[in-house]
Each structure stands twice: as structure tokens, then as C-alpha cells.
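Biologist: I am new to this one. Let us go through the terms and what stands behind each.

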Amino acid sequence: MLPLPACRRTRRPLPWLLALLLSSGVACAQTTPVFEDQTAALGIAPQNDAACWADFDNDGWTDLCAGGAVWKNNAGKGFTRIAEGLGATVAADYDNDGFVDLFSWSSLQVFHNDGGKAFTPIKLPELPRCVSRGACWGDFNGDGFVDLYVGGYEDWDAGITYPHLLLMNEQGTGFRLAWSEERTRARGVTACDFDQDGDLDVYVSNYRLQPNLLWLNDGTGKLQDVAGAYNAVATSEGFRGGHSIGACWGDFDNDGYVDLFAGNFAHVDHRGDQPKSRFLRNRGPQQGYTFEDKGPCGVHYQESYASPAAGDFDNDGNLDLFFTTVYGTASFGRKNNPVLFRGDGRFAMTDVTAAARLAGLEPTYQAAWADYDNDGDLDLVTAGKLFTNQGSGGHWLKVRLQGDGKVVNRSAIGAQVRVRLKDKVLTRQVEAGTGEGNQNDLTLHFGLGDQTDPVRLEILWPGGATQTVRRVRVDRLTTIRFRKR
């Protein structure tokens with residue numbers, strides 16, 4: 001296990017102020033960390049387009065692909081552009097050579113990572129015409145290589161629905177088109193092994209009041225839509241579906257089962273209120289991993305909500321939510337702005353945007369979390385800017401998983417890690433696609449609050465193998481490699 005550089009903290013309260021806070025019953029843990037716009041200082045220009053975090057050169061510092069450009073992270077002190085013209089991307093190591101590659105869903109092109117120095121397009125099979133707004137990587141057939149699910153969107157004026165595509169990896173040598181279907185008008189695509197059976201399932205956010213899809217995987221890459229049967233459509237009474245743009249997986253109540261947040265753009269028109277954004281609670285094995293629709297849970301209404309991203313920005317152990325908007329001014333002249341919601345671990349969200357100094361952000365589909373400066377707290381790229389988290393003082397742990405490239409894909413996409421604390425189970429998954437076309441860092445981040453003792457990690461690898469790692473010290477990065485028993 002390699003320790004990270006010393007964790008930067010916010011300034012400690014003066015003794016008299018600390019005493020006042022304690023005597024008044026105010027918990028220091030609820031102090032909201034603030035974000036500072038470091039875009040110019042870091043020499044980076046992440047255009048207001050979908051963002052993808054990944055360590056492309058394996059130097060231990062996560063890099064960024066945004067606005068079609070790859071930005072190399074120079075030890076957290078600045079960024080250098082090393083490639084451009086790639087489009088909007090998601091990242092995974094498709095050929096298991098140890099370097100993370102890119103798929104541009106905006107141009108339907110895979111780019112091979114040439115040792116962290118350049119990105120070369122590879123030949124793909126002939127594909128049906130498709131316009132996409134999002135895709136995700138995942139080993140859908142269990143062969144140890146990541147495949148691609150690509151959502152098909154629309155040409156509204158021409159009345160065209162573009163096909164969804166499933167591209168299966170040919171052992172790292174290329175891809176074949178396994179399936180295509182003009183099914184729904186997809187926006188975001190994101191995958192999770194929500195039923196913990198060892199294979200990745202796919203959630204597709206659909207627009208135009210069409211029902212969202214929950215593709216249940218049989219382990220061989222054969223997908224069955226069970227959204228209706230599992231109560232995962234994310235709609236309300238009187239509607240078949242909503243205007244979903246992006247969704248994100250996350251264990252929002254810390255019970256060890258991965259839940260789902262579905263983000264809905266929602267007009268108010270002559271038919272009444274369209275379906276609002278909502279949390280879907282995973283009810284676990286006793287209820288067949290079906291979902292309970294919890295409703296908005298404090299995510300207050302804005303018409304033009306777009307792409308959500310989940311992460312524990314204040315290191316208290318509870319997942320929080322950043323949620324963007326399409327418009328700055330929506331219908332009836334109402335202002336819309338991206339919002340940062342703090343989670344309490346019980347499906348109650350509180351707007352802390354102003355306290356975190358993120359108020360007034362412009363419209364964007366860009367939202368992705370990563371600890372780019374390796375200080376133990378999550379930073380945020382959104383609206384074409386990079387915001388540095390100034391820290392909460394809470395403890396943390398970062399976990400980097402690596403597959404063997406044979407049984408488990410090298411990027412460990414689809415793996416889950418659980419940390420059991422006294423009163424909760426923290427669950428994180430390695431995912432390559434969230435919200436609408438964005439991607440959080442592949443390194444998992446756990447906020448641990450006041451936990452100082454070593455913790456135990458329980459890992460569920462793709463394919464179903466499990467592993468336990470005991471007495472992992474906190475406030476550091478640990479790397480865990482899969483080894484077949």
C-alpha cells in the first residue's frame with residue numbers, strides 16, 4: 001500500500017470557535033467544504049463538454065479527457081494537453097495491455113492508448129448510422145475483455161430514432177457488432193452489477209417520455225429489459241416514462257446494495273407535471289433486487305435537470321449528488337442552475353450549493369468527480385471549469401483495483417468494494433460511464449468520517465469471485481490486484 005501525499009485540510013477553527021460550536025450542538029462534520037475554481041491556475045481548458053477522468057500514463061495522477069482533448073496531470077500542480085480532436089469519451093483498457101484506452105461516443109471511434117503518449121484510432125466493423133449521447137464499457141460476456149454498449153439517440157426534425165449498439169470485444173484485437181436495435185431515444189448509459197451475480201447490467205436513460213431501460217444480463221451478453229418488472233422505469237402515474245437525460249448508480253443508504261438515481265428533465269404543461277427526478281432504492285436479495293421508488297428525496301424541482309454525478313465530497317461516508325441543468329433560464333423565465341446536494345445516508349438530500357461556493361454555474365452536461373491532486377477529497381469538473389475541493393478534515397480511503405487481463409479485465413470495470421463500518425456498509429463500484437456521457441475516476445473513493453482504525457475491504461470481482469483484504473489503513477491509497485485462486 002502506497003501512502004498519498006499529506007492530506008490538505010481546511011483551516012482548523014480557533015479554540016474559542018471550536019468550543020462555541022461544540023457547546024451549541026453544531027457538528028463540525030457538517031461544515032460544508034468549499035470549492036475553488038483552479039482552472040486558470042492549473043493551465044487547463046476543459047471545454048463545456050462531457051468529461052472523463054482516467055490515469056492514461058500510469059503515473060498515479062488521474063488525467064482528464066474533456067472537450068475532445070486529453071490533459072496530462074502534472075503531479076496535481078497543472079495540466080498539459082497531449083492530444084485533441086477525440087470527441088466525448090469514456091475510458092477502459094480494451095486490450096488489457098495496462099494502458100487505459102478511449103471510446104468516443106460522439107464519433108463512434110475507439111482510440112488505442114499508445115503508452116500514455118498518443119491515441120490512435122482503430123478500425124471498427126461497419127456500423128449502422130447512429131447518433132449517440134452516451135455509452136459505457138463493461139465485460140458483458142465474461143471473457144475478461146471490456147465490451148461497449150452505445151445508446152442511440154434521435155434526429156427530431158427527421159423523426160429518426162437511431163439504434164442502440166452492442167459491440168463485443170474480440171479478445172483485444174477489435175470489436176464486432178453483436179446487436180443493434182432502433183428501440184428508444186437514449187441519452188445516458190451506465191452499468192452496474194446491481195444484483196451481485198457477477199455480471200454487469202445496463203441502465204439506459206430515455207428521452208421523449210419514453211420508459212427507461214434496465215437490461216438484465218444473463219452473463220453471456222444476452223440482455224433482457226426488466227425495467228417495468230423491477231420498478232426501475234423512473235416515471236410517475238399517467239406517464240409511460242420521463243424525459244430522462246442521465247442516471248447514476250450509488251449506495252445512497254449505505255446498506256450494501258447499489259441504488260439508482262434517475263435524472264429527469266420535466267416540463268410543466270397542459271397534461272400536468274411530468275415525471276420528476278427520483279431515487280430508486282435497491283431492495284436487495286430478499287425482494288429479488290427490485291427497486292422502491294423513493295421520489296425526489298429533497299432534489300428540488302428544476303425543469304431542465306440534465307446529468308447527475310454521485311460522490312462523497314465531504315468525506316462523511318454518505319454519497320452526495322451533483323446535478324447539472326440544460327438551460328440557465330427555463331420556461332416562464334425561471335432560472336435554472338446546477339446544484340450540489342449533500343446526502344445523509346437515508347435518502348434525504350440538502351442543497352449546499354451556495355455554502356460550497358458553486359452557486360450560479362452555467363448550463364452544462366459536464367459533471368465528473370476525481371481526486372486530481374491526491375489529497376483525499378473529491379474534486380469536480382463541470383461547466384468547463386475544474387473546481388478544487390478545499391477539504392473537510394474527514395478521513396478517507398482510495399482503492400485502485402487491477403484485473404489480471406484474463407479472468408478480470410485490466411481496468412476491473414464492474415468490480416465492487418464494500419467497507420463495513422460500525423453502523424453502515426459503504427459500497428463503491430468501478431464504472432466506465434455515468435450521467436450523460438461522463439465518467440468519474442476509476443480509482444474508488446471512500447469518505448470515512450471519524451474512522452481512524454484500519455478497515456476491512458470486501459471485493460466482488462467481475463465473474464463473481466470474492467476477496468477480503470483485512471486491516472487496510474485509512475488516509476491512503478491501496479492497490480489490489482486480482483489473482484485467480
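Modeller: In this predicted model, buried residues make up 61% of the 485 residues in the chain.

Biologist: What makes a residue buried here?

Modeller: A relative accessible area under 20%. In strand S3, Asp-63, Leu-64, Cys-65 and Ala-66 are buried, so each of the four falls under that cut-off.

Biologist: Why is the chain called as compact as a globular protein of that length?

Modeller: The chain holds one helix and 39 strands. Its radius of gyration is 21 Å, and the globule rule gives 23 Å for 485 residues; the two values are close, so the chain counts as compact in that sense. Along the principal axes, the C-alpha atoms fill a box of roughly 70 × 60 × 50 Å.

Biologist: How do you know that S2 and S3 pair?

Modeller: Pairing takes at least two bridges. Strand S2 (residues 51–54) and S3 are joined by four, so they pair, and they run antiparallel. Within S3, Leu-64 has Trp-53 opposite.

Biologist: What makes S3 and S4 a pair as well?

Modeller: Three bridges link S3 to strand S4 (residues 69–73) in the antiparallel sense, so the requirement of at least two is met. Trp-71 in S4 is the bridge partner of Leu-64. S3 and S4 form a hairpin with two residues between them, and Gly-67 in the turn has a positive phi of about 60°.

Biologist: Which way do the side chains of S3 point?

Modeller: Asp-63 and Cys-65 point one way, Leu-64 and Ala-66 the other. In a regular strand, side chains alternate between the two faces of the sheet.

Methods
Residues numbered from 1 in each chain as written. Predicted model: local features only at pLDDT ≥ 70, side-chain atom pairs only at ≥ 80, totals over all residues. Heavy atoms only, no water. Rg over C-alpha atoms; globule rule 2.2 N^0.38 Å. Buried < 20%, exposed > 50% of the residue type's maximum accessible area, 1.4 Å probe, protein only.
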